[in-house]
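Here is a two-chain model to explore. Take a look at it first, and then we'll walk through it piece by piece.

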Amino acid sequence: MALLDVTNLDVRFALRRGDVQALRDVCFSLERGERLGIVGESGAGKSVAAFSLLNLIAKPGYIAGGSIHFDGQELTAMSDRGLRHVRGHRMSMIFQDPMMTLNPVLTIGEQMVECLKAHRRISTKEARAISLRKLEQVQIPSPSARLDQYPHELSGGMRQRVIIAIALLLDPDIIIADEPTTALDVTIQAEIMALLLELCEKHNVGLILITHDLGVVSQVTQRMLVMYAGRVIEQGPTREIINDPQHPYTQGLINALPQMATPGARLNQIPGSMPSLDNLPSGCAFHPRCGFVARADGSTRHACTDEVPDFVTSGNCRVACHMVAEMLDRERIPAEEIR
Amino acid sequence: MSSTAHATAAEPASPLLEIRGVEKRFSLSGDFLEQLKFKGGKLVREQKHVHAINGVDLDIQRGEALCVVGESGCGKSTVARTVMGLLHPSAGEIRYDGERIDDLSHKALMPYRRRMQMIFQNPYASLNPRMTIQQTLEEPIRLHHPDWSTQRVRDQVAEVMASVGIAADWGARYGHEFSGGQRQRIAIARALAVDPEFIVADEPISALDVSIQAQVLNLLMEAQQQRNLTYLFITHDLAVVEHFGTRVAVMYLGRVCEVAPTATLFARPRHPYTQALMSAIPRLEDDRPQHIRLQGEVPTPVNLPSGCVFHGRCPHANARCRSEIPQLIAADDGSQVACHAVEEGRID
């Protein structure tokens with residue numbers, strides 16, 4: 001059994017006008033030391049998926065169904081006290097904006113020591129020694145001086161290094177990184193990603209990387225999920241999805257990148273935009289933007305507009321698309337059996 | 001200031017926009033009284049400045065898309081705003097179609113404002129929430145053509161809405177009713193409403209999703225072909241530059257370090273900073289990033305390094321780099337590089 005196993009996760013937000021389903025039928029798993037990318041555009045539900053793993057969804061959001069199985073424990077049924085042990089200790093998070101994550105009125109050292117003492121019975125001196133070691137690991141220049149500095153004294157790249165050091169503080173099994181480099185410049189981004197990759201490999205830490213940047217995913221992760229309007233629509237080994245995307249949305253996303261077109265030529269755009277979650281189209285949520293609702297012979301594939309597609313297996317990937325299903329002409333696997 | 005560059009560069013007839021030795025400093029010290037400090041028993045006046053841009057020289061030819069790239073704080077947005085007259089340069093001059101525009105009064109600048117328009121990064125902030133789309137699009141036309149009849153203004157709005165793919169019924173709605181991509185489309189329509197010839201676009205697609213970025217980029221390229229527009233395109237995304245730009249200017253810490261035709265720059269980046277920047281782009285093809293790691297971080301623009309601003313992070317820096325500011329020097333392939341090491345042939 002995998003270290004982390006998410007099955008049929010449903011997350012809803014209870015609003016006055018009714019529930020909005022932010023995630024439906026999300027299934028994925030993560031082995032120890034594996035790196036998984038979650039890709040999608042804003043509003044696809046990738047951050048909600050990450051937050052729900054640690055049950056960090058704020059009200060009015062709640063987990064409406066499904067299970068999150070982590071190292072023999074069921075996280076959805078766990079008490080707050082139990083979850084506190086998992087959070088930070090077994091699974092830690094890196095957020096997008098390092099300035100929002102760090103406490104501006106505490107020094108770096110105080111924040112690190114606080115985190116260590118909350119989980120372990122150790123002296124402040126020991127905690128500072130561990131903190132210093134972690135800062136050295138993330139290759140911050142003059143780490144001992146940083147312990148007594150405040151977050152505003154550090155640059156964006158250094159703050160993100162501190163965040164990574166804090167995430168590694170308790171030697172977690174999984175790090176969940178939500179757009180860790182989006183706020184940073186390209187050269188700093190490249191350094192931070194290289195560091196994260198190196199540390200995860202060295203300490204055999206699993207990584208769940210949430211990003212909209214297909215380039216980053218293709219360089220860092222081994223497997224990836226593509227999300228659209230709250231559902232996973234394609235998952236499999238990163239290389240295979242990047243080189244041979246099956247779902248029309250994934251194809252469109254990759255083909256829309258400027259680097260896929262001849263310079264100066266028209267880009268391959270996907271028409272329209274992602275539907276809002278409280279007003280999803282019938283059938284496949286992507287069908288109004290999809291160029292494959294009509295078959296090659298001109299007839300309409302009614303399943304696209306009427307039925308929510310189930311997953312089909314195509315090579316090592318799983319794809320939720322009627323067109324792919326029809327082309328493969330294979331037996332469909334119901335979503336419950338997908339791991 | 002870079003007279004060598006101008007003498008040697010192959011210069012086609014009159015560029016649309018000329019930026020000559022432009023500097024922009026922002027004061028950090030507040031007003032006169034706040035600048036007074038006691039030092040050694042004496043009252044002294046101290047002024048601190050952020051040197052946002054220091055001696056930028058750029059030409060923009062008619063019909064081209066000049067992309068300015070660089071990391072945050074390199075001064076690329078300041079260049080855009082200075083060109084538009086939203087900021088006054090502290091030194092240097094800007095010529096538009098041969099006429100100097102940086103020292104003009106607000107009123108004298110008006111005819112130029114009609115010919116140059118701007119598209120901003122954040123379409124959520126750049127549309128007035130209290131105006132309908134129709135009002136938003138009519139406003140610049142009424143401002144620049146006060147003599148036009150209402151019908152003529154409406155016709156012009158209808159024409160521009162059709163050309164950027166905005167449905168006629170959007171006119172009665174407000175900005176908040178639209179998604180980011182749609183708002184950016186409206187912002188583009190507003191810029192095109194007065195039939196400009198030059199558009200300054202400051203990170204116009206950075207706030208948008210990938211699939212929407214492609215839509216907006218296509219729209220900008222279509223507009224360029226139909227209306228023969230000239231672009232100054234500010235971005236940090238090199239993949240977009242490779243696709244969109246005719247020429248590229250790379251900026252670092254308020255200075256231009258390399259200007260070259262896009263294909264030349266991507267085939268053979270010459271400045272060490274450009275090389276590092278290009279190697280940092282996450283590409284789909286390679287599995288492992290093989291990027292050039294720079295030492296340290298971008299220095300603060302308050303106390304600029306002496307000599308070449310990049311010397312502290314450059315693997316090729318020597319004594320000359322630490323003392324002498326490099327100027328843009330033209331090469332045979334149409335590129336201009338400001339680097340002593342490239343000039344001396346120390347690096348390829």
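What percentage of the 339 residues in chain A is buried? The answer is 48%, where a residue counts as buried if 20 or more other C-beta atoms, placed from the backbone, lie within 10 Å of its own.

Before going further, a word on the ground rules: this is a predicted model, in which local features need pLDDT of at least 70, side-chain atom pairs count only at pLDDT 80 or more, and totals for chains, interfaces and linings use all residues. Residues are numbered from 1 along each chain as its sequence is written, while chains are lettered from A and ligands numbered from 1 in the order in which they are written.

**The two chains**

| Chain | Helices and strands | C-alpha span along principal axes |
|---|---|---|
| Chain A | 13 helices, twelve strands | about 75 × 50 × 40 Å |
| Chain B | 13 helices, 14 strands | about 65 × 60 × 40 Å |

Helices (H or I, at least four residues) and strands (E, at least two) are DSSP runs, numbered from the N terminus. For chain A, the radius of gyration is 21 Å, which agrees with the value near 20 Å for a compact globule of 339 residues. That radius is taken over C-alpha atoms, and the globule rule is 2.2 Å times the number of residues to the power 0.38. Chain B comes out at 22 Å, close to the 20 Å that the rule gives for 348 residues, so chain B is as compact as a globular protein of that length. Of those 348 residues in chain B, 45% count as buried.

**What UniProt says**

An unreviewed UniProt entry places the feature "domain: ABC transporter" at residues 6–254 of chain A. In chain B, the UniProt annotation "domain: ABC transporter", also from an unreviewed entry, covers residues 38–278. These positions use the numbering used here, feature names are shortened, and annotations may be inferred rather than shown by experiment. The chain A span is 40% helix and 27% strand, and its end C-alpha atoms lie 26 Å apart. For the chain B span, the figures are 39% helix, 24% strand and 48 Å between the end C-alpha atoms.

**Where the chains meet**

The contact takes 34 residues from chain A and 33 residues from chain B; two residues are in contact if their C-beta atoms, placed from the backbone, lie within 7 Å. On the chain A side, α8(A) gives the most, with seven residues.

**A strand inside chain A**

Now find β6(A), residues 91–94, which is covered on both faces. A:Met91 and A:Met93 are buried on one side, and A:Ser92 and A:Ile94 are buried on the other. In a regular strand the side chains alternate between the two faces of the sheet. β6(A) pairs with β7(A), residues 174–178, in the parallel sense over four bridges; strands pair if DSSP finds at least two bridges between them. In β7(A), A:Ile174 is the bridge partner of A:Met91.

**A sheet in chain B**

Chain B has an open sheet of four strands in the order β4-β1-β6-β7, with antiparallel pairing. Its edge strands are β4(B), residues 49–60, and β7(B), residues 99–100, each pairing on one side only. Inside the sheet, β1(B) (residues 17–27) and β6(B) (residues 91–96) pair over five bridges in the antiparallel sense. B:Arg20 stands opposite B:Glu93 in β6(B).

Conventions. A residue is buried if 20 or more other C-beta atoms lie within 10 Å of its own, exposed if 12 or fewer, and partly exposed in between; C-beta atoms are placed from the backbone.
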